[in-house]
Amino acid sequence: MSVRITDYTPKIKADTTVKASMFLRNITDAIESTADPKTPKKDGYLRRSVLKQVLGTKGKIQWRKVYAQAQEAGYTRGRKIRNYTTSGTGPHYAENAVKKEVANTAK
């Protein structure tokens with residue numbers, strides 16, 4: 001008696017990689033849209049300088065301005081930033097957006 005076995009492992013791996021890549025693209029878009037209203041804005045350059053990149057199963061979102069790290073931390077040159085130009089904006093805009101979207105995906 002012979003048994004025929006069909007191995008679908010490569011197809012499953014490929015499908016999983018494609019779905020993971022799509023998920024990463026969707027979550028980077030969601031992080032940007034969640035962080036956008038909280039991102040400090042004077043001229044809007046910081047909000048427009050977002051780089052989203054997904055390569056396979058690795059994703060990255062980055063605010064590409066030199067001052068983005070200081071705005072995120074809330075400190076510049078060792079001093080706390082007290083006045084943000086737009087009300088409702090402030091530090092930790094990216095960190096809070098990531099936490100919120102990760103919590104949403106866990107549901």
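The lining of the largest cavity divides into two nonpolar, one polar and three charged residues. These are Glu32, Asp36, Thr39, Arg47, Val50 and Trp63. The model under discussion is predicted. The count comes to one cavity of 30 Å³ or more, and about 30 Å³ of space lies in the largest cavity.

The largest pocket, an open space, has a lining of 13 residues. Lys41, Lys42, Tyr67, Gln71 and Thr85 lie nearest the centre of this pocket. The two spaces are set side by side below.

| Space | Volume | Nonpolar lining residues | Polar lining residues | Charged lining residues |
|---|---|---|---|---|
| Largest pocket | about 210 Å³ | six residues | four residues | three residues |
| Largest cavity | about 30 Å³ | two residues | one residue | three residues |

Trp63, named in the cavity lining, also takes part in the one aromatic pair that the structure holds. The ring centres of tryptophan 63 and tyrosine 93 are 5.6 Å apart and their planes stand at 80 degrees; since an angle over 60 degrees counts as edge-to-face, the pair is therefore of that kind. The pair links distant parts of the chain, with tryptophan 63 in strand 2 (residues 58-63) and tyrosine 93 in helix 4 (residues 93-106), 30 residues apart. Tryptophan 63 has a relative accessibility of 13% and so counts as buried. Tyrosine 93, at 3% relative accessibility, counts as buried as well.

In soluble globular proteins, nonpolar side chains tend to be buried together. The largest nonpolar core of this model has twelve residues in all: Leu24, Ile27, Ile31, Ala35, Leu46, Val50, Val54, Trp63, Ala68, Tyr93, Ala94 and Ala97. Helix 1 (9-35), strand 1 (50-55) and helix 4 each supply at least two residues of this core. Helix 1 gives the most, with four residues. Both members of the aromatic pair, Trp63 and Tyr93, belong to the core, and Val50 is a core residue that also lines the cavity.

Leucine 24, another member of the core, touches Val54, Gly56, Thr57, Lys58 and Gly59, leaving aside residues up to four places away in sequence. Among these contacts, Val54 is itself a core residue.

Arginine 77 offers a contrast in accessibility to the buried rings. This residue is found in the loop between strand 3 (75-76) and strand 4 (79-80). With a relative accessibility of 83%, arginine 77 counts as exposed. Arginine 77 and histidine 92 are separated by 15 residues in sequence and by 17 Å in space, C-alpha to C-alpha.

Methods: Residues are numbered from 1 along each chain as its sequence is written. This is a predicted model: local features need pLDDT of at least 70, side-chain atom pairs count only at pLDDT 80 or more; totals for chains, interfaces and linings use all residues. Side-chain values use heavy atoms; hydrogens and water are left out. Rings of Phe, Tyr and Trp (its six-membered ring) pair if their centres lie within 6.5 Å; planes under 30 degrees apart count as stacked, over 60 as edge-to-face and the rest as tilted. Buried means under 20% relative accessible area, exposed over 50%, partly exposed in between (1.4 Å probe, protein chains only). On a 1 Å grid over the protein atoms alone, a cavity is a set of points where a 1.4 Å probe fits but cannot get out, and a pocket is an open set with protein on both sides within 12 Å along at least five of seven lines; lining residues have an atom within 4 Å of a point. Grid points are joined across faces, edges and corners, and a volume is the space filled by probe spheres set on the points. Ala, Val, Leu, Ile, Met, Phe, Trp, Tyr, Cys and Pro count as nonpolar, Asp, Glu, Lys and Arg as charged, and the others, Gly among them, as polar. A nonpolar core is a set of buried Ala, Val, Leu, Ile, Met, Phe, Trp, Tyr and Cys residues joined through side-chain atoms within 4.5 Å. Contact means heavy atoms within 4.5 Å.
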